[in-house]
Amino acid sequence: MAEDKTKRKVDSSAGSDRRHAARIATLIAVPVTVVAVFVAFNLVSSVAEDHTPDRMSAPTDPVPVDVPALAEEDFEICRALISVVPGDLGDLPQRGVTGEGGAAEVSAAWGDPAVTLLCGGEPVEVADTDRVYRLDATCWLAVEGEDVTVWTTVDRTHPVELTVPAEHEPSGQLASALSEFVDEKIPTADEDSIPTGCFQ
């Protein structure tokens, strides 16, 4: 009997020790898990912020744009293009546009310094030695300046001009991001007027 009591006492003591150890493990595991979740959440949030346009610091004032006088039919075609351009161009948030002649309806702007898009400007002359770029379904001529690169479509009935400040290089990626919208809304010019480089 004495042995049985001793054995039960030992078993009870061992069980008590196991329960005590389990409680300690739980008390340790819960805070560690909470800390791990907190750290993981902050890491994910930090990565997300690194890939999100900084809208808080982006200017909200409209960008002044000079637009040419357009016939009503031309104005409607250009307005159709501006109605579908993306809200963000790459990682640049869109800004408002101001100016006479319905500037806000035939032009658009993104980022700071502003990248501007103008529809219905003057067509550009393309020399035989000029290199043109077919980006998706739209063909562009790029003219590089000291501070900006100007991309102009050369295969459309209505020229579309994209002015990209040097701070936003590579500028070709921005032109490429607009090509599908230009192709969707601006008619293709007669084949005879399109530079041969656009067909290569």
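**Close-up 1. The left-handed link between cysteine 139 and cysteine 198**. In this predicted model, the bridge has -85° about its S-S bond, and that makes for a left-handed link. The sulfur atoms of cysteine 139 and cysteine 198 sit 2.0 Å apart and form a disulfide. Here's what that word means: a disulfide is a covalent bond between the sulfur atoms of two cysteines.

**Close-up 2. Where do cysteine 139 and cysteine 198 sit, buried or exposed?** Cysteine 139 counts as buried because its relative accessibility is 0%. Cysteine 198 has a relative accessible area of 1%, so this residue is buried too.

**Close-up 3. Cysteine 78 meets cysteine 119**. These two form a disulfide with their sulfur atoms 2.1 Å apart. The pair ties together distant parts of the chain, 41 residues apart: cysteine 78 belongs to helix 2 (residues 72-82), while cysteine 119 belongs to strand 6 (residues 115-119). This link is left-handed, with -70° about the S-S bond. Both cysteine 78 and cysteine 119 are buried.

**Close-up 4. Both bridges in one frame**. How many disulfides turn up in a search of the whole structure? The search finds 2. Count the bonded cysteines along the chain and you get the pattern 1-2, 3-4.

**Close-up 5. The largest pocket**. Now for some empty space: this pocket has a volume of about 200 Å³. Its lining includes Pro123, Val124, Thr153, Arg156, Ala189 and Ser193. Sort the lining residues by character and you get 7 nonpolar, 3 polar and 1 charged.

Terms used: Residues numbered from 1 in each chain as written. Predicted model: local features only at pLDDT ≥ 70, side-chain atom pairs only at ≥ 80, totals over all residues. Heavy atoms only, no water. 1 Å grid on protein atoms, 1.4 Å probe; cavity = no way out; pocket = protein on both sides within 12 Å on 5 of 7 lines; lining within 4 Å. Points joined across faces, edges and corners; volume = space filled by probe spheres on them. Nonpolar A, V, L, I, M, F, W, Y, C, P; charged D, E, K, R; others polar. Disulfide = S-S within 2.5 Å. Helix = DSSP H or I, 4+ residues; strand = E, 2+ residues; numbered from the N terminus. Buried < 20%, exposed > 50% of the residue type's maximum accessible area, 1.4 Å probe, protein only.
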